[in-house]
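Thanks, everyone; I have a short walk through the strand pairing to offer today. Please keep the structure open while I talk.

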Amino acid sequence: MKPLPPTLRHVSPAELVERIAAERRGTPFVLFLDAERHQRIVTLEAEALSLGRDDSCDVALPWDEEVSRVHAVLEPIGGAWTLSDDGLSRNGTFVNGARVRGRRRLSDGDAITVGTTLIVYVAPPAQARTTMTARRGTPPELSAAQRRVLGALCRPTLEGQFTAPATNREIADELVLSVETVKSHMHALFDLFDIGDMPQNRKRSELVRRAFERGAVPAE
């Protein structure tokens, strides 16, 4: 998963659990904060969704006066979700800082900006659907060093709503370890949490998800 833009406040345990549950369903969704800075999750199903300030929009942002009444459209095409703004908006739609001209295919972690609102597109891995429920809530036995590394890996998720797991360098600096030592612990943690073959950035996000799901790291 791409690093996600940080928020200005801590994530609550309840919101963290809600996001983990959304990822476990394996269905793409968008994530944003409302006017009261509360988390909102909108699951993307099979049909196109409108996005705008009007209350009738599927993704409604009525508090943002810089958003047009109907601002953009989220639509599944060819197995992927796309975002289009064919002149619908007055102030434009941006993905990762670049203005959308016509239609743009979305990738996991893309940051969508409409008006003053940040929306993150999340496409959970297929593995999220197949986590073994028999192991839910039962963490593997970890050494003290492994617990420290896992805690450092997960800390950004607790401290920021839209953050990626800590990098090996960040963990090493926090725990005063070498990067090679951190890598060794990470490989062991992947095995302990039964994380198989997938891109490296996915493995780290999946490890964080399973750590919270199985109670290896307190969500507080």
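I will take the open sheet to begin with, and then the strands that pair around S11.

Before the details, please bear in mind that what you have in front of you is a predicted model. Let me start with the sheet, in which 5 strands are arranged in the order S4-S3-S5-S6-S9, with mixed pairing, and which is open. Its edges are formed by strand S4, residues 59-60, and by strand S9, residues 102-105, each of which pairs on one side only. Within that order, strand S5, covering residues 72-77, and strand S6, covering residues 80-85, are paired in the antiparallel sense over 5 bridges. If you would like a point of orientation in that pair, look at Val73, which stands opposite Ser84 in S6.

Now to strand S11, residues 117-122, and here I would ask how many of its 6 residues are buried. The answer is 5, so to speak of S11 as mostly covered is fair, taking buried as under 20% relative accessible area.

Which strands, then, are joined to S11 by bridges? One is strand S1, residues 29-33, which runs antiparallel to S11 and is joined to it by 4 bridges; in this pairing Leu31 stands opposite Val120. Another is strand S10, residues 111-114, likewise antiparallel to S11 and joined to it by 4 bridges, with Val114 having Thr117 as its bridge partner. S10 and S11 form a hairpin with 2 residues between the strands, and in this hairpin Gly115 takes a positive phi near 60 degrees.

Technical notes. Residues are numbered from 1 along each chain as its sequence is written. This is a predicted model: local features need pLDDT of at least 70, side-chain atom pairs count only at pLDDT 80 or more; totals for chains, interfaces and linings use all residues. Side-chain values use heavy atoms; hydrogens and water are left out. Two strands pair if DSSP finds at least two bridges between them. Buried means under 20% relative accessible area, exposed over 50%, partly exposed in between (1.4 Å probe, protein chains only).
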